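The exercises below go from single residues to the whole chain. Work each one on the structure before reading its solution.

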Amino acid sequence: LFDVWMYEDQDKVQIAAEIYSLRIVNDATMMVWNNECKSENTKRLIEDCLLLSMYYDIKKHFGDLLRLDIVNKKDAMILREKFNELALKLSKKSLSIVDSFGIPDQMLGPIAMDWIEYNKWDNNGEILVQHPLQP
């Protein structure tokens, strides 16, 4: 049993579990969206965010979906176009979306305060205590 799990079926089980959890989360989001969301603007925004998330999940597992003949190569082009179109649409609202979470500036690292200034020199990808940016 151990050998079957470790060498044959572990990846399949983990992918199935991930996809199942995505389905549960998406179903719960849709239920709240249908029952609780009253504003049409907010409803459209949540719908776009959820759809973009679903497109991403499909892209992530596209190889497996292709191998299992659930999608075909032509679907990849359609998916890419839809993903990019929706990402562009949401990118115009991205700062407002992030601000809507109400995360205080003190919780954000220096890169979040001014990413252009932060990346003017090589900081090895680390948030350094001596970095000149102060929140």
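A residue counts as buried under 20% relative accessible area, as exposed over 50%, and as partly exposed in between. The model used throughout is predicted.

**Exercise 1. Locate D69, decide whether D69 is buried or exposed, and examine its phi.**

Step 1. D69 sits in the loop that joins α3 to α4.

Step 2. The relative accessible area of D69 is 68%, so D69 is exposed.

Step 3. The phi of D69 is positive, about 60°, although D69 is not a glycine. For comparison, most residues other than glycine have a negative phi.

**Exercise 2. Place H61 in the fold, classify its exposure and list its contacts beyond four places in sequence.**

Step 1. H61 belongs to the loop between α2 and α3.

Step 2. With a relative accessibility of 8%, H61 is classed as buried, because the cut-off for buried is under 20%.

Step 3. Once residues up to four places away are set aside, H61 touches I15, E18 and I19.

**Exercise 3. Classify K12, N26, A28 and M30 as buried, partly exposed or exposed.**

Step 1. Establish the element. Helix α1 covers residues 2–36 and includes K12. N26 is also in helix α1, A28 has its place there, and M30 lies in that helix too.

Step 2. Apply the cut-offs. K12 has 54% relative accessibility and is therefore exposed. N26, at 13%, is buried. A28 is partly exposed, with a relative accessible area of 37%, and M30 is partly exposed at 29%.

Step 3. Look for what N26 touches. Leaving aside neighbours within four places in sequence, N26 is in contact with L50 and M54.

**Exercise 4. For the pairs K12 and F83, A28 and D75, M30 and N41, and K89 and S53, give the separation in sequence and in space, C-alpha to C-alpha.**

Step 1. Read off the pairs that start in α1.

| Pair | Separation in sequence | C-alpha to C-alpha |
|---|---|---|
| K12 and F83 | 71 residues | 26 Å |
| A28 and D75 | 47 residues | 27 Å |
| M30 and N41 | eleven residues | 16 Å |

Step 2. Turn to the remaining pair. K89 is found in helix α4, and its relative accessible area of 40% makes K89 partly exposed. K89 and S53 are 36 residues apart along the chain, and their C-alpha atoms are separated by 14 Å.

**Exercise 5. Which residues make up the largest nonpolar core, and which elements give two or more residues to this core?**

Step 1. The largest nonpolar core has ten residues: L52, Y55, F62, L65, V71, L79, F83, L86, L90 and I97.

Step 2. Two or more of these residues come from each of α2 (40–60), α3 (62–67) and α4 (73–91). The largest share, four residues, is that of α4.

Step 3. Take one core member and trace its surroundings. I97 touches L45, C49 and L90 when residues up to four places away in sequence are not counted. L90 is itself a member of the core.

**Exercise 6. Describe the secondary structure and overall dimensions of the protein.**

Step 1. Count the elements. The protein has seven helices and zero strands, so that the pattern along the sequence reads α-α-α-α-α-α-α.

Step 2. Assess the dimensions. The C-alpha trace spans about 55 × 45 × 30 Å along the principal axes. The radius of gyration is 20 Å, whereas a compact globule of 135 residues would have one near 14 Å.

Step 3. Relate this to burial and contacts. Of the 135 residues, 17% are buried. Among contacts with a separation of 6 or more, 42% join residues 24 or more positions apart.

**Exercise 7. Describe the surface and the charges of the protein.**

Step 1. The accessible surface comes to about 10,900 Å². Carbon and sulfur atoms account for 60% of that surface.

Step 2. Count the charged side chains: 16 are positive and 22 are negative.

Step 3. Compare where the two sets lie. Their centres are 9 Å apart.

Terms used: Residues numbered from 1 in each chain as written. Predicted model: local features only at pLDDT ≥ 70, side-chain atom pairs only at ≥ 80, totals over all residues. Heavy atoms only, no water. Rg over C-alpha atoms; globule rule 2.2 N^0.38 Å. Buried < 20%, exposed > 50% of the residue type's maximum accessible area, 1.4 Å probe, protein only. Contact = heavy atoms within 4.5 Å. Areas by Shrake-Rupley, 256 points an atom, 1.4 Å probe, with all protein chains shown as cover. Lys, Arg positive; Asp, Glu negative; His and termini not counted. Charge placed at Lys NZ, Arg CZ, Asp CG, Glu CD. Core = buried A, V, L, I, M, F, W, Y, C linked by side-chain atoms within 4.5 Å.
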